[in-house]
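Biologist: Please show me the model, and let us examine how its terms are justified.
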Amino acid sequence: MTELSLVIRPELPIDAQAIERLHERAFGPGRFARTAFRLREGAPHLANLSFTALVGTLIVGSVRMSPITAGDVEGLMLGPLTVDPAFESRGIGAALMRRSIDAAREEGHGLVLLVGDLPYYARFGFVRVPPRQLELPGPVNPDRLLALEMDKGVLARARGPVLPKRVG
Ligand SMILES: CC(C)(COP(=O)(O)OP(=O)(O)OC[C@H]1O[C@@H](n2cnc3c(N)ncnc32)[C@H](O)[C@@H]1OP(=O)(O)O)[C@@H](O)C(=O)NCCC(=O)NCCS
């Protein structure tokens with residue numbers, strides 16, 4: 001980042017509209033039909049594990065985490081991760097990923113799932129979930145169902161349906 005420096009802070013309620021615009025731009029109206037969206041709809045994202053990236057007062061990126069269960073294992077679903085196209089390829093996506101993963105780890109979470117491209121997410125430690133191990137509430141390309149194991153062995157124990165987990 002040149003002149004203006006990047007700030008990443010926990011998401012605030014006032015960020016909602018700008019984040020919605022980032023989602024609209026990245027995923028279009030079809031986003032509401034996506035399987036990951038359906039999971040997130042069932043359990044709102046966690047404010048303390050969701051982060052907003054700003055350059056000055058401009059919101060340029062966002063990452064969210066929502067609580068899920070994967071079989072008997074409690075975990076998190078990461079996403080959407082979005083960066084304003086005008087600010088892509090400057091490390092903002094990576095900074096958001098690292099911040100949210102670190103926060104999840106500090107809170108004692110053991111497993112993060114996401115639906116996305118392995119060539120991007122492998123750099124953060126994500127691996128492909130073995131086929132047929134987890135069932136999502138809708139169609140997902142099995143190559144794109146990825147997991148980050150923060151407790152060793154937790155992914156192998158996560159078997160069965162992935163469901164939103166209501167908290168509070
Ligand atoms: C994917 C996304 C979040 C990356 O944000 P970013 O700030 O540009 O990411 P970074 O700067 O950390 O990394 C950029 C690098 O990742 C690469 N990259 C981006 N998307 C990629 C993908 N789907 N697969 C493989 N590599 C990818 C870029 O080519 C770039 O490579 P370079 O460093 O060699 O130039 C952003 O492009 C975006 O919002 N895309 C639209 C929404 C989306 O697809 N979200 C992810 C699914 S939930």
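Modeller: Strand E4 gives the lining of the largest pocket its largest share, seven residues. The model is a predicted one, in which local features need pLDDT of at least 70, side-chain atom pairs count only at pLDDT 80 or more, and totals for chains, interfaces and linings use all residues. Residues are numbered from 1 along each chain as its sequence is written, and side-chain values use heavy atoms, with hydrogens and water left out.

Biologist: Why is E4 called a strand?

Modeller: A strand is a DSSP run of E with at least two residues, numbered from the N terminus. E4 covers 73-83, so the name applies.

Biologist: What makes the space of about 1,000 Å³ a pocket?

Modeller: On a 1 Å grid over the protein atoms alone, a pocket is an open set with protein on both sides within 12 Å along at least five of seven lines; lining residues have an atom within 4 Å of a point. The largest pocket has 46 lining residues, with Phe27, Arg34, Pro80, Leu81 and Thr82 closest to its centre. The ligand takes up the space of this pocket.

Biologist: Why is the pair formed by Val83 and the ligand called a polar contact?

Modeller: A polar contact is a pair of N or O atoms within 3.5 Å. A polar backbone atom of Val83 is 2.8 Å from an oxygen atom of the ligand, so the pair qualifies.

Biologist: What makes the pair with Arg123 a polar contact?

Modeller: An N or O atom in the side chain of Arg123 lies 3.4 Å from an oxygen atom of the ligand, so this pair also qualifies.

Technical notes: A polar contact is a pair of N or O atoms within 3.5 Å; within protein, one must be able to donate a hydrogen and the other to accept it, and residues adjacent in sequence count only if both atoms are side-chain atoms. On a 1 Å grid over the protein atoms alone, a cavity is a set of points where a 1.4 Å probe fits but cannot get out, and a pocket is an open set with protein on both sides within 12 Å along at least five of seven lines; lining residues have an atom within 4 Å of a point. A molecule sits in a cavity or pocket if more than half of its atoms lie within 2 Å of its grid points. Helices (H or I, at least four residues) and strands (E, at least two) are DSSP runs, numbered from the N terminus.
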